[in-house]
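Work through the exercises below with the structure open. Try each task before reading its solution.

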Amino acid sequence: PSPAASAAASGVPRAFRWGAATSAFQVEGATAEDSRGTSIWDTFTRSPGKIRGGDNADVSADHYHRWAGDLDLARDLGLTSYRFSVAWPRIQPDGRGPANQKGLDFYKRLVGGLRERGISPVVTLYHWDLPQALQDQGGWENRDSAQWFGDYAEIVFRALGDATPTWLTINEPKTIVQLGYADGVHPPAKRDRAAAQAVMHHLNLAHGTAVRRLRAALPGQRIGPALNLSPVVHDGNADPAQVTAADIFENRRFLDPLFKGAYPSGVEAPVRDGDLALISAPNDVLAVQYYNPATLGGKKFPTSQATWEQIYPQGMYDLLVRLKRDYGDIPLMITENGAPFPDTLEGDRVHDPQRTAYIRDHIAAMKKAIAEGVNVEAYHVWSLLDNFEWTEGYGQRWGIVYVDYPTQRRILKDSALWYRDMIAGRAV
Ligand code: GBH
């Protein structure tokens with residue numbers, strides 16, 4: 001078939017990129033190498049009782065040493081995009097001050113390796129591993145954090161800018177606020193309403209500051225936020241005020257300030273003059289992470305091994321269509337979508353039919369939105385590799401590539417083989 005015909009048959013635009021995602025703390029290991037500083041997650045994993053099984057990320061998938069082989073796997077799967085994050089404590093061990101060259105060199109090797117393999121980098125600046133030294137100065141509760149982040153971002157922009165990645169600022173600000181400052185299950189493990197409101201606003205300010213720094217340092221490059229969003233699904237009898245409140249909580253408290261320059265009514269934030277103009281500076285892309293809907297009124301769907309992850313592929317479609325309708329025709333990329341399910345090892349094979357079904361059904365929903373004119377330019381499965389799943393430790397496996405931790409051997413799961421064949425146009 002002609003390229004145009006096969007593109008049409010595949011249901012995505014010709015320039016569409018298929019990818020996978022990881023984050024620094026979850027895959028790298030090597031936490032004490034090359035002058036890396038301590039992050040709040042190093043501290044947290046060392047305090048007893050916080051992580052299932054007492055696991056820590058000191059070795060994890062050892063990606064810091066095995067990155068080249070891991071990128072070979074990505075290339076062999078036919079991926080043309082790879083989303084990773086830069087560990088702030090590798091770049092500024094104490095969170096501020098001059099760059100640590102060895103830290104920068106690791107990420108330069110990584111983006112060079114991606115380029116050699118024809119894979120586009122999508123670089124997240126912050127995926128939760130705040131330098132502990134900054135936490136000791138108040139962390140994201142301190143309004144100065146926006147400037148700290150801007151300084152850090154500019155170092156990374158200048159060091160890696162030649163690779164012209166798509167830049168993403170802060171991974172899932174909602175999760176940082178909710179789990180770190182409301183539920184108290186991620187570091188710094190607070191339950192403090194005022195702190196949560198301040199952190200929400202400061203993360204938005206930090207985002208806007210990084211956007212401004214990129215525009216000044218490297219005009220013409222692309223940047224945007226990475227938001228985990230959940231459409232609200234209910235049984236039809238839900239109180240409309242409750243539905244609106246859930247939508248504000250899940251989606252609008254970040255989308256509205258970033259894309260409309262205003263917090264939704266009822267959302268309290270320590271806003272000063274000029275803040276909302278900074279926060280709503282135009283983005284080039286919106287990175288969307290979709291796992292599950294928010295359900296109301298007794299509506300429930302089956303879950304993966306993650307009890308919070310209700311499976312509802314149509315939510316992907318609903319979300320994408322809604323984003324275009326309510327926030328305009330900004331380019332979207334799916335930067336995370338995936339699930340933990342049992343992996344059955346059998347010789348050299350790893351069977352994970354439920355993961356394949358999850359990914360397949362969500363891609364189908366995404367394609368339906370694309371067919372209706374929503375501008376989605378890439379899809380990234382979470383995750384390329386099994387890795388350190390935060391408080392769940394290594395017990396929950398999210399990779400399409402199995403990691404045998406004792407040997408660090410990688411095995412492509414059936415879901416990876418399916419994804420490879422789908423990308424190559426061989427899967428139905
Ligand atoms: C993403 O978060 C992260 O970006 C990624 O690092 C992570 O590995 C991946 O997903 C898989 O979890 O426990 O009931 O309080 C996903 C979004 C939002 C999911 C908060 C867990 C907490 C639900 N997360 N949610 S609960």
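**Exercise 1. Decide whether E336 is buried or exposed, then place E336 and list its contacts.**

Step 1. E336 has 4% relative accessibility, so E336 counts as buried. Buried means under 20% relative accessible area, exposed over 50%, and partly exposed in between (1.4 Å probe, protein chains only). This is a predicted model: local features need pLDDT of at least 70, side-chain atom pairs count only at pLDDT 80 or more, and totals for chains, interfaces and linings use all residues. Residues are numbered from 1 along each chain as its sequence is written, and side-chain values use heavy atoms, with hydrogens and water left out.

Step 2. E336 sits in strand β9 (residues 332-336). Helices (H or I, at least four residues) and strands (E, at least two) are DSSP runs, numbered from the N terminus.

Step 3. Set aside neighbours within four places in sequence. E336 then contacts R83, H127, N171, E172, V288, Q289, Y290, Y291, H380 and W382. Contact means heavy atoms within 4.5 Å.

Step 4. Look at the side chains. E336 makes a polar contact of 3.1 Å with the side chain of Q289. Another polar contact, of 2.5 Å, joins the side chains of Y291 and E336. A polar contact is a pair of N or O atoms within 3.5 Å; within protein, one must be able to donate a hydrogen and the other to accept it, and residues adjacent in sequence count only if both atoms are side-chain atoms.

**Exercise 2. Find which residues carry the UniProt feature "active site", and where they lie.**

Step 1. The unreviewed UniProt entry places this feature at E172 and E336. UniProt positions use the numbering here, feature names are shortened, and annotations may be inferred rather than shown by experiment.

Step 2. The two span 165 residues in sequence, yet their C-alpha atoms are no more than 10.5 Å apart, so they gather at one spot. Both E172 and E336 belong to the lining of the largest pocket. On a 1 Å grid over the protein atoms alone, a pocket is an open set of points where a 1.4 Å probe fits, with protein on both sides within 12 Å along at least five of seven lines; lining residues have an atom within 4 Å of a point.

Step 3. E172 lies in the loop between β4 (166-171) and α9 (173-181). At 6% relative accessibility, E172 is buried. Beyond its neighbours within four places in sequence, E172 contacts residues including W128, Q289, Y291 and E336.

**Exercise 3. State which residues are closest to the ligand, and give its polar distances.**

Step 1. The ligand is surrounded by 17 residues (a heavy atom within 4 Å). The closest are Q26, H127, E172, E389 and W390.

Step 2. Take ligand oxygen to side-chain N or O distances. H127 gives 2.8 Å, W390 gives 2.9 Å and W382 gives 3.2 Å.

Step 3. The protein covers 75% of the 580 Å² of accessible area that the ligand has on its own (Shrake-Rupley method, 1.4 Å probe).

**Exercise 4. Place Y291 and E389, two of the UniProt "binding site" residues.**

Step 1. The unreviewed entry lists Q26, H127, N171, Y291, W382, E389 and W390. The lining of the largest pocket includes each of them.

Step 2. Y291 is in the loop between β7 (286-289) and β8 (294-296). Its relative accessibility is 8%, so Y291 counts as buried.

Step 3. E389 is in the loop between β12 and β13 (401-404). E389 is buried at 11%. Outside its neighbours within four places in sequence, E389 contacts Q26, W382, Q396 and W398.
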